[in-house]
Amino acid sequence: SRSLIILDEIERVGTSRQNGAVHAVLVGLLERETARRWHDPYVHSHCDLSHVSWLMTANSIDPIPGVLRDRCRVMHFPEPGPEMLSFLVPRILERVYSEVGHHPRWPSELEEFEIEALQRAWPGGSIRVLERLVQQVIDARDQTIQRH
């Protein structure tokens, strides 16, 4: 059986060596032989971590040490742009409504004028910014419903 560990935004990991450098530890865990006989300092025992697959995300690979990058398969994804709104917005809506306890298919699709407003406000880039904008559309809808 295999396990998967996802490390999000690995380039933001601190480089302090006070408690051990995270990147140096990862290098050891990415080598199958080293991972097979990994000594875990927290459980004070040897562990076989060779079955673990590591997935790391990064906004930029420049801050990641070369010794770690060399042990990874780097895949580049294009930055999302406004042409992806028709794909992204329904998924954001589903997640937002699910998080407040509604069925993920509960939200209605955005109106054309709402999509056009998002296109004007979001030139692309950060999905977090788009999520905040979609939340503003939802809040505006809720305010309109409450007034009527």
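# Close-up views of the predicted model

Glu9 is buried, with a relative accessible area of 14%. The views below are taken from a predicted model.

**Figure 1. Overview of the protein chain, a predicted model with 6 helices and 4 strands.** From the N terminus on, the order of the elements is β-α-α-β-β-β-α-α-α-α. The protein chain has 148 residues, of which 25% count as buried. Its accessible surface comes to about 10900 Å², and 53% of that surface belongs to carbon and sulfur atoms. Of the contacts between residues at least 6 apart in sequence, 61% join residues at least 24 apart. The mean pLDDT of the chain is 87, and 89% of the residues score at least 70. Among the elements, β4 has the highest mean pLDDT (94) and α6 the lowest (86).

**Figure 2. Salt bridges around Glu9.** Glu9 lies in the loop between β1 and α1. Its phi is near 55°, a positive value in a residue other than glycine. Most residues other than glycine have a negative phi. The side chain of Glu9 meets that of Arg12 in a salt bridge with an N to O distance of 3.3 Å. A salt bridge also joins Glu9 and Arg128, here at 3.4 Å, N to O. Because Glu9 is in the loop between β1 and α1 and Arg128 is in helix α6, this pair ties together parts that are 119 residues apart in sequence. Glu9, Arg12 and Arg128 are thus linked in a network of salt bridges. The accessibility of the three residues differs in class: Glu9 is buried at 14%, Arg128 is partly exposed at 48%, and Arg12 is exposed at 61%.

**Figure 3. The salt bridge between Arg71 and Glu31.** The closest N and O atoms of this pair are 2.6 Å apart. Arg71 is in the loop between α3 and α4, and Glu31 is in the loop between α1 and α2. The pair links distant parts of the chain, 40 residues apart. Both residues count as partly exposed, Arg71 with a relative accessible area of 35% and Glu31 with 33%. The structure holds 7 salt bridges.

**Figure 4. The largest nonpolar core, with 15 residues.** Val89, Leu93, Leu118, Leu130 and Val134 have the most contacts inside this core. The elements that give two or more residues to the core are α4 (85-99) and α6 (127-147). The largest share, 7 residues, comes from α4. Not counting residues up to four places away in sequence, Val89 touches Leu110, Ile115, Leu118 and Val134.

**Figure 5. A second, separate core, which includes Ile10, Leu26, Val27 and Ile64.** This core has 5 residues. Ile10 lies in the loop between β1 and α1 (22-30) and is buried, with a relative accessibility of 3%. Beyond its neighbours within four places in sequence, Ile10 is in contact with His23, Leu26, Met56, Thr57, Ala58 and Ile64. The C-alpha atoms of Ile10 and Ile61 are separated by 8.7 Å, although the two residues are 51 apart along the chain. In α1, the buried residues are His23, Leu26, Val27, Gly28 and Leu29. The buried residues of α1 pack against β1, α2 (32-36), β2 (38-40), β4 (52-56) and α3 (66-69).

**Figure 6. Contacts of Arg141 in helix α6.** At 18% relative accessibility, Arg141 counts as buried, because the cut-off is under 20%. Leaving aside neighbours within four places in sequence, Arg141 is in contact with Ser108, Glu109, Leu110, Glu111 and Glu114. Leu110 is also one of the residues that Val89 touches.

**Figure 7. A nonpolar surface patch made by Leu4, Ile6 and Leu55.** The patch has an area of about 290 Å². Leu4 is located in strand β1 (residues 3-7) and is exposed, with a relative accessible area of 54%.

**Figure 8. Positive phi at His44.** His44 is not a glycine, but its phi is about 55°. His44 lies in the loop between β2 and β3 (45-47). With a relative accessibility of 65%, His44 counts as exposed. Glu9 in Figure 2 also has a positive phi, but Glu9 is buried.

Technical notes:
Residues numbered from 1 in each chain as written. Predicted model: local features only at pLDDT ≥ 70, side-chain atom pairs only at ≥ 80, totals over all residues. Heavy atoms only, no water. Patch = residues over 30% accessible without salt bridge, like charges linked within 9 Å, V, L, I, M, F, W, Y side chains within 5 Å. Areas by Shrake-Rupley, 256 points an atom, 1.4 Å probe, with all protein chains shown as cover. Salt bridge = Lys/Arg side-chain N within 4 Å of Asp/Glu carboxyl O. Buried < 20%, exposed > 50% of the residue type's maximum accessible area, 1.4 Å probe, protein only. Contact = heavy atoms within 4.5 Å. Core = buried A, V, L, I, M, F, W, Y, C linked by side-chain atoms within 4.5 Å. pLDDT = per-residue confidence, 0-100.
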